[in-house]
Amino acid sequence: MDGWFLWRSGQEEAAATFPSGSRFVEVGTYLGRSLCSLAEVAQQSGRLYSIIGIDTCLGGGPDGSEGIDHYASAVNEGGGTFAGILHRNLIACGFADAVSVIVSDSETASTFFADASLDWVHVDARHDYDSVRADIAAWLPKVRPGGWLSGDDYNSDVWPGVVGAVRDALPQAQPWSTGQWRWVVPPATSRRWSRWSSQR
Ligand SMILES: C[S@@+](CC[C@H](N)C(=O)[O-])C[C@H]1O[C@@H](n2cnc3c(N)ncnc32)[C@H](O)[C@@H]1O
């Protein structure tokens, strides 16, 4: 399946860390590569999780240093949306029942969840500075104390916007898994931090 996904070890750590009943959100699913992997990791763990993928299914437009639109062919193939391809891929992987998909932009979807109601949110949508800042501001309040907020492409050479946004919004976030960043929401300060971040 086409896509970009390097954080299988992070998914395995999540499945070893969070108990059954935990709720995971992946923002930016594209055709379901990382989402199918997460469902497989969950299945192999024997634990039952709620797994929710969020994507506009419209692609992110030109991105990266070369400004290439990697999503256009899938959007065109699906007649203006790759939602059908994503869903067919989940069915083909055998995980259509294990995973729920919300076709929405990231910020709108975040409003569907109560504050501190999610255990792990992984962000892999647009990679420019403003988009990553907006994703962090939208999703950080939704992660419970002790939960994880993380994201893809933590690489200053290729994705300086990601690294800059994480540095400015979550200065104590750490490199994690393969090319990822992660912030473990601290119990005592999470609500104060959430308010601070979402106001910026
Ligand atoms: C790098 S791809 C995700 C790759 C995916 N994790 C995989 O395993 O292949 C980024 C995705 O984010 C989606 N996206 C971009 N901006 C978005 C937004 N504001 N809200 C939701 N999804 C968005 C795009 O449609 C695209 O599918």
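Here are some friendly notes on this predicted model, starting at the ligand and then moving through the helices, loops and a few single residues.

1. **The ligand's surroundings.** A good place to begin is the ligand, which has 22 residues around it. Trp4, Ser34, Asp55, Ser106 and Asp124 are the closest of them. Sorted by character, this shell holds 7 nonpolar, 9 polar and 6 charged residues. The space that the ligand takes up is the largest pocket.

2. **Polar contacts to the ligand.** Which atoms come into play here? Two side chains are paired with oxygen atoms of the ligand: aspartate 55 places an N or O atom of its side chain 2.6 Å from a ligand oxygen, and serine 34 has a polar side-chain atom 2.9 Å from a ligand oxygen. Serine 106 takes part through its backbone, where an N or O atom lies 2.8 Å from a nitrogen atom of the ligand. How much of the ligand's accessible area does the protein cover? On its own the ligand has 600 Å² of accessible area, and the protein covers 92% of that.

3. **Helix H7.** Why is H7 described as largely enclosed by the rest of the structure? The reason is that 7 of its 10 residues are buried, and buried here means under 20% relative accessible area. The buried residues of H7 are Gly161, Val162, Val163, Gly164, Ala165, Val166 and Ala169.

4. **Helix H6.** Helix H6, spanning residues 129-139, is mostly covered too, with 8 of its 11 residues buried. If you colour the model by burial, look for Ser131, Val132, Arg133, Asp135, Ile136, Ala137, Ala138 and Trp139, which are the buried residues in H6. The list includes Arg133 and Asp135, and both of these residue types count as charged.

5. **Two positive phi values.** Most residues other than glycine have a negative phi. Alanine 116 has a positive phi, near 55°, and aspartate 153 also has a positive one, near 60°. Alanine 116 sits in the loop that links helix H5 (106-110) to strand S4 (118-123). Is alanine 116 buried, partly exposed or exposed? Its relative accessibility is 24%, so alanine 116 counts as partly exposed. Aspartate 153, for its part, belongs to the loop between strand S5 (143-151) and helix H7 (160-169).

6. **Glutamine 180.** This residue is found in strand S7, which covers residues 180-184. Glutamine 180 is buried, because its relative accessible area is 1%. What does the side chain of glutamine 180 reach? It reaches the backbone oxygen of threonine 178, at 2.8 Å.

7. **Asparagine 76.** Helix H3 (residues 72-77) is where you will find asparagine 76. With 59% relative accessibility, asparagine 76 counts as exposed. Its C-alpha lies 17 Å from that of glycine 32, and the two residues are 44 residues apart in sequence.

8. **Cysteine 93.** Should you be scanning for cysteines, cysteine 93 is in helix H4, residues 83-93. A relative accessible area of 30% makes cysteine 93 partly exposed. Along the chain, cysteine 93 and glutamate 40 are 53 residues apart, while 8.8 Å separates their C-alpha atoms.

Technical notes: Residues are numbered from 1 along each chain as its sequence is written. This is a predicted model: local features need pLDDT of at least 70, side-chain atom pairs count only at pLDDT 80 or more; totals for chains, interfaces and linings use all residues. Side-chain values use heavy atoms; hydrogens and water are left out. A residue is near a molecule or strand if one of its heavy atoms lies within 4 Å of it. A polar contact is a pair of N or O atoms within 3.5 Å; within protein, one must be able to donate a hydrogen and the other to accept it, and residues adjacent in sequence count only if both atoms are side-chain atoms. Accessible areas come from the Shrake-Rupley method with a 1.4 Å probe; for residues, only the protein chains shown count as cover. On a 1 Å grid over the protein atoms alone, a cavity is a set of points where a 1.4 Å probe fits but cannot get out, and a pocket is an open set with protein on both sides within 12 Å along at least five of seven lines; lining residues have an atom within 4 Å of a point. A molecule sits in a cavity or pocket if more than half of its atoms lie within 2 Å of its grid points. Helices (H or I, at least four residues) and strands (E, at least two) are DSSP runs, numbered from the N terminus. Buried means under 20% relative accessible area, exposed over 50%, partly exposed in between (1.4 Å probe, protein chains only).
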